[in-house]
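Let's take a walk through this chain, starting with the overall layout and then stopping at a few spots that reward a second look. Keep the viewer open as you read.

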Amino acid sequence: MAMGRPRFDPRQQQRTFQIRINHRIRVPEVRVIDADGGMLGVLPTQEALRKAQGLGLDLVEVNPKAEPPVCKILDFGKYKYEEKKKTAEAKRKQAVVEVKEIKLRPKTDDHDLETKIRAARRFLEAGHKVKFTIRFRGREITHPEKAQEQIDIIIPRVEDIANIETRPAMEARAMSLLIGPKPAVMQKVAQARIAAEKARQLAEKEGRPAPEEEEELPDLVDEDDDDDDDDDDDIESSPESV
């Protein structure tokens, strides 16, 4: 029996774009830019390759879609390093807002609740949103007022630095509350990020180690939840936007 065409699997990793250099460039002619950025014009590929090799450099295809493709004479190892550096620089400048989920139970005691409120304030001051989730098990669901009591304790403790984004609401067997940093807090976070980037650039210029980034707040364990074997960590995070 003849085999049909294999079905397309969207999860299959697609081949990444490969930059062609030197003998991997197989078109008959290319438009060449020299190492100083000057235009040499359209040359046979082999002649362009000889020019690059004569300088101890590489012929690198920088625009394969042009007609003919555009190539540049350069040090490919240095080029890869610079591109990697640019990518890392762009990543550092991205402001990723995470949603930190803090899990509670109706039976969470006052001490643990205070600890988690302090954790929430640290997350908010770092520019992250916080989602409090109070989970019910078994017959606990018949007493939603217990969760509301905890919410009523939490809100006054964070309202100086946070806005309520989603009012308390039941989701299946849990009550949740989503809060986010106030604009003034986000402004301070942005200023701190700019200052940290300047300090990193100065350290790099002076040949010193870059200042260490502030360590992430460790997960907190709800000590009164030991009887729940399938509980997850009480603090989770997920990126929301860039």
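Strands, like the ones that bound the loops named below, are DSSP runs of E of at least two residues, and they are numbered from the N terminus, as the helices are. With that in hand, Pro-68 can be placed in the loop between β3 and β4. Have a look at the peptide bond leading into that proline: from Glu-67 to Pro-68 the bond is cis, with omega near -5°. Most peptide bonds are trans, and most residues other than glycine have a negative phi. Bear in mind throughout that this is a predicted model.

Now zoom out. The chain has five helices and nine strands. Following the sequence, you meet them in the pattern β-β-α-β-β-α-β-α-β-α-β-β-α-β. Of the 242 residues in the chain, 33% are buried. Take the contacts between residues at least 6 apart in sequence, and 63% of them join residues at least 24 apart.

Start with helix α1, residues 45–54. Which of its residues are buried? They are Thr-45, Ala-48, Leu-49 and Ala-52. These four cover an arc of only 100° around the axis, so they sit on the same side of α1. An α-helix has 3.6 residues a turn, so residues three or four places apart point the same way. Turn to the other side of α1 and you find Arg-50 and Gly-54 exposed. And what do the buried residues of α1 pack against? Their partners are four strands: β1 (29–33), β2 (39–44), β3 (58–63) and β4 (70–74). After α1 comes Gly-56, with a positive phi near 70°.

Next stop, helix α2, which spans residues 76–93. The structure holds one aromatic pair. Its members are Phe-76 and Tyr-79, with ring centres 6.0 Å apart and 25° between the planes. Why does this pair count as stacked? Planes under 30 degrees apart are classed that way, and the 25° here falls under that limit. Both residues belong to α2 and are three residues apart, about one turn of the helix. Buried or exposed, where does Phe-76 fall? Phe-76 counts as buried because its relative accessibility is 13%, under the 20% cut-off. Tyr-79, at 23% relative accessible area, is partly exposed.

Move along to helices α3 (residues 110–125) and α4 (residues 144–158). Two packed helices are described by the angle between their axes and the distance between the axes. Here the axes come within 10 Å and cross at roughly 40°, which makes α3 oblique to α4. On the α3 side, the contact is made by Leu-113, Glu-114, Ile-117, Arg-121 and Leu-124. From α4 come Gln-150, Ile-153, Ile-154, Arg-157 and Val-158. As for handedness, α3 passes α4 in a right-handed crossing.

Leaving α4, you run into Glu-159, in the loop between α4 and β7 (162–171). With a relative accessible area of 49%, Glu-159 is partly exposed; the class called exposed needs over 50%. Glu-159 and Pro-181 are 22 residues apart along the chain, and their C-alpha atoms are separated by 9.4 Å.

Pro-181 takes us to strand β8, which covers 174–181. Leu-178 lies in this strand and, at 17% relative accessibility, counts as buried. What does Leu-178 touch, leaving aside its neighbours within four places in sequence? The contacts are Val-99, Lys-129, Val-130, Lys-131, Asn-163, Ile-164, Glu-165 and Thr-166. Val-130 is 48 residues away from Leu-178 along the chain, yet their C-alpha atoms are separated by 5.8 Å.

Finally, some backbone oddities. Ala-172, in the loop between β7 and β8, has a positive phi near 55° despite being a residue other than glycine. Ala-172 is exposed, at 76% relative accessibility. Asn-22 is not a glycine either, and its phi is positive, about 50°. Asn-22 sits in the segment before β1 and is buried, with a relative accessible area of 17%.

Technical notes
Residues are numbered from 1 along each chain as its sequence is written. This is a predicted model: local features need pLDDT of at least 70, side-chain atom pairs count only at pLDDT 80 or more; totals for chains, interfaces and linings use all residues. Side-chain values use heavy atoms; hydrogens and water are left out. Rings of Phe, Tyr and Trp (its six-membered ring) pair if their centres lie within 6.5 Å; planes under 30 degrees apart count as stacked, over 60 as edge-to-face and the rest as tilted. Buried means under 20% relative accessible area, exposed over 50%, partly exposed in between (1.4 Å probe, protein chains only). The arc is that of the directions from the helix axis to the C-beta atoms. Contact means heavy atoms within 4.5 Å. Axes are lines fitted to C-alpha atoms, for helices over the stretch in contact, and angles run from 0 to 180 degrees between N-to-C directions. Angles under 35 degrees count as roughly parallel, over 145 as roughly antiparallel, 65 to 115 as roughly perpendicular and the rest as oblique. A crossing is left-handed if the near helix is turned anticlockwise from the far one by less than a right angle, and right-handed if clockwise.
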